[in-house]
Amino acid sequence: MRIPLYINEYDDDKARRSKRASHLGQEVDWSERLPMLWRSLTVGPLWVDVNRDADAGAERWVGYDEEEQPCYCRYRFQVPIGSISQRSDGLYSEDLVAWRMRDGRWLIHRVINCHAESRMAYAFYAFSESMPR
C-alpha cells in the first residue's frame, strides 16, 4: 500500500515545499527519533509504502525520496519467547528506524525489548553502508 508522506519543510537546493504527514488519519513523524544533530544531514521521504502482517504482529515502512530511492525505513515486530511445545509469557520485540544520510550511509536506531523473567531493554544508534533488511 503506497501512502503519501509529507513533511513540514523540505529544501534540497530545490523549491521549498510545505507538506503534511498522514497515515490512516494520523500524523506521521518520520524524524521522531532522529537526533537534532543529524536532521539536516538526512534525506526526507515524500511517500511511504506500508506492509503489515497482523497475524505475526509485524509491520515494515519504507519511505522514498524524489528519485524514488529508499531514504527511510522502519520495522516493528513481536515474537513469543519459548518453544512451540512450551508456552511462555515472555515476549521479544524490536523496533528499528533508519534514515539515509546525504553521504549515502544509513543512520539506524534500534530498540530491543525482551520481556521474560527479567525485563531487559536497550536501544542504540549505529551507522550502516546499506539500508536494514
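**Exercise 1. Find Arg74 and describe its surroundings.**

Let's start in strand β6 (residues 70–80), which is where Arg74 is found; strands here are DSSP runs of E, at least two residues, and helices are runs of H or I, at least four residues, numbered from the N terminus. Before going on, note that this is a predicted model, where local features need pLDDT of at least 70, side-chain atom pairs count only at pLDDT 80 or more, and totals for chains, interfaces and linings use all residues. Residues are numbered from 1 along each chain as its sequence is written, and side-chain values use heavy atoms, with hydrogens and water left out.

*Step 1.* Is Arg74 buried or exposed? Arg74 has a relative accessible area of 12%, so it is buried (buried is under 20%, exposed over 50%, partly exposed in between, with a 1.4 Å probe and protein chains only).

*Step 2.* Look for what Arg74 touches, skipping residues up to four places away in sequence: among them are Glu32, Glu59, Trp61 and Asp95. A contact means heavy atoms within 4.5 Å.

*Step 3.* Zoom in on Asp95: its side chain makes a polar contact with the side chain of Arg74, at 2.8 Å. That term means a pair of N or O atoms within 3.5 Å; within protein, one must be able to donate a hydrogen and the other to accept it, and residues adjacent in sequence count only if both atoms are side-chain atoms.

**Exercise 2. Work through the aromatic pairs.**

*Step 1.* How many aromatic pairs does a search of the whole structure find? There are 6. Rings of Phe, Tyr and Trp (its six-membered ring) pair if their centres lie within 6.5 Å; planes under 30 degrees apart are stacked, over 60 edge-to-face, and the rest tilted.

*Step 2.* Take Trp38 and Tyr125: with 6.4 Å centre to centre and 65° between the planes, this pair is edge-to-face. Trp38 lies in helix α1 (residues 36–39) and Tyr125 in strand β9 (residues 119–128), so the pair ties together parts 87 residues apart in sequence. Trp38 is partly exposed at 22% relative accessibility, and Tyr125 is partly exposed at 37%.

*Step 3.* Now try Tyr75 and Phe77, a stacked pair with 6.0 Å centre to centre and 25° between the planes. Tyr75 is buried at 15%, while Phe77 counts as partly exposed at 24%.

**Exercise 3. Put Phe127 into the picture.**

*Step 1.* Ring pairs link Phe127 with Trp38 and Tyr125 into a cluster.

*Step 2.* Which residue's charged end sits over the ring of Phe127? Arg105's does, 4.4 Å from the ring centre (the rule: NZ of Lys or CZ of Arg within 6 Å of the centre and within 35 degrees of the ring normal).
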